[in-house]
Amino acid sequence: SGIASQSITFDTKKVLNDSTIDLFYEKLGPHQVMVYAADPFGNEASSSVFFQVIATYDSAISDVNRAFSLGWIKKKALRDQIINDLTTAKKKKKPKQADRVLTQLLNELKKKQKDLTPQGYLLLTEDIEWVKGHN
């Protein structure tokens, strides 16, 4: 009978039917996509899915590169240092050793906030904290 109306939301934001959502700009943690549709006769249906946006070492490194390309990391040397530290932590056999590297990296980022935009600082610290908490 066709569709008379429909809507899609990502968390609480309306989403156009043919658009995509770039999770790079979303917070880590739980999210929901909900779809609603009604036909011309008033029959309605909805469905939702819950999912978790997470960070891994590899996704954090990808985010570092993207943040640098967006100008959120202002110095190439800082980008390289962050990637090196994430790679070093990833190679550690014991979680406590990786945690030490990640804690040092977080402290370094705090000291070098002037070399990051506020968005860059928040993105990187959120990624690193997530990876550190899920070793």
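Q: Why is R79 called buried?
A: R79 has a relative accessible area of 16%. Buried means under 20% relative accessible area, exposed means over 50%, and partly exposed lies in between (1.4 Å probe, protein chains only). The value for R79 falls under the buried cut-off, so R79 is buried.

Q: What kind of model do these values come from, and how are residues numbered?
A: This is a predicted model, in which local features need pLDDT of at least 70, side-chain atom pairs count only at pLDDT 80 or more, and totals for chains, interfaces and linings use all residues. Residues are numbered from 1 along each chain as its sequence is written, and side-chain values use heavy atoms, with hydrogens and water left out.

Q: Where is R79 found, and which residues is R79 in contact with?
A: R79 is found in helix α2; helices are DSSP runs of H or I with at least four residues, strands are runs of E with at least two, and both are numbered from the N terminus. Contact means heavy atoms within 4.5 Å. With neighbours within four places in sequence left aside, R79 is in contact with V64, N65, F68 and I73.

Q: Why are α1 and α2 called roughly antiparallel?
A: The axes of α1 (residues 57-69) and α2 (residues 76-91) cross at roughly 180° and come within 10 Å. Axes are lines fitted to C-alpha atoms, for helices over the stretch in contact, and angles run from 0 to 180 degrees between N-to-C directions. Angles under 35 degrees count as roughly parallel, over 145 as roughly antiparallel, 65 to 115 as roughly perpendicular and the rest as oblique. The two helices are therefore roughly antiparallel to each other.

Q: Which residues of α1 and α2 meet?
A: On the α1 side they are Y57, D58, A60, I61, V64, N65 and F68, and on the α2 side K76, R79, I82, I83, L86, T87, A89 and K90. This contact has nine nonpolar, two polar and four charged residues. Here Ala, Val, Leu, Ile, Met, Phe, Trp, Tyr, Cys and Pro count as nonpolar, Asp, Glu, Lys and Arg as charged, and the others, Gly among them, as polar.

Q: What makes D63 buried or exposed?
A: D63, found in helix α1, has 15% relative accessibility and therefore counts as buried. Outside its neighbours within four places in sequence, D63 is in contact with F24, L123 and D127. The C-alpha atoms of D63 and I83 are 9.9 Å apart, with their positions 20 residues apart along the chain.

Q: Why does D11 count as partly exposed?
A: D11 has 27% relative accessibility, so D11 counts as partly exposed. D11 is found in the loop between β1 (5-10) and β2 (13-15). Phi of D11 is near 55°, a positive value in a residue other than glycine. Most residues other than glycine have a negative phi.

Q: How do you know whether A37 and G71 are buried or exposed?
A: A37, in strand β3 (residues 29-38), has a relative accessible area of 24% and is therefore partly exposed. G71, in the loop between α1 and α2, has a relative accessible area of 34%, so G71 is partly exposed too. G71 and A37 are 34 residues apart in sequence and 40 Å apart in space, C-alpha to C-alpha. A37 and S7 are 30 residues apart in sequence and 6.5 Å apart in space, again C-alpha to C-alpha.

Q: How many helices and strands are there in the chain?
A: The chain has four helices and four strands, in the pattern β-β-β-β-α-α-α-α along the sequence.

Q: Why is the chain called more spread out than a compact globule?
A: The radius of gyration, taken over C-alpha atoms, is set against a globule rule of 2.2 Å times the number of residues to the power 0.38. The rule gives 14 Å for 135 residues, and the chain has 20 Å, well over that value, so the chain is more spread out than a compact globule. The C-alpha trace spans about 60 × 30 × 20 Å along its principal axes.
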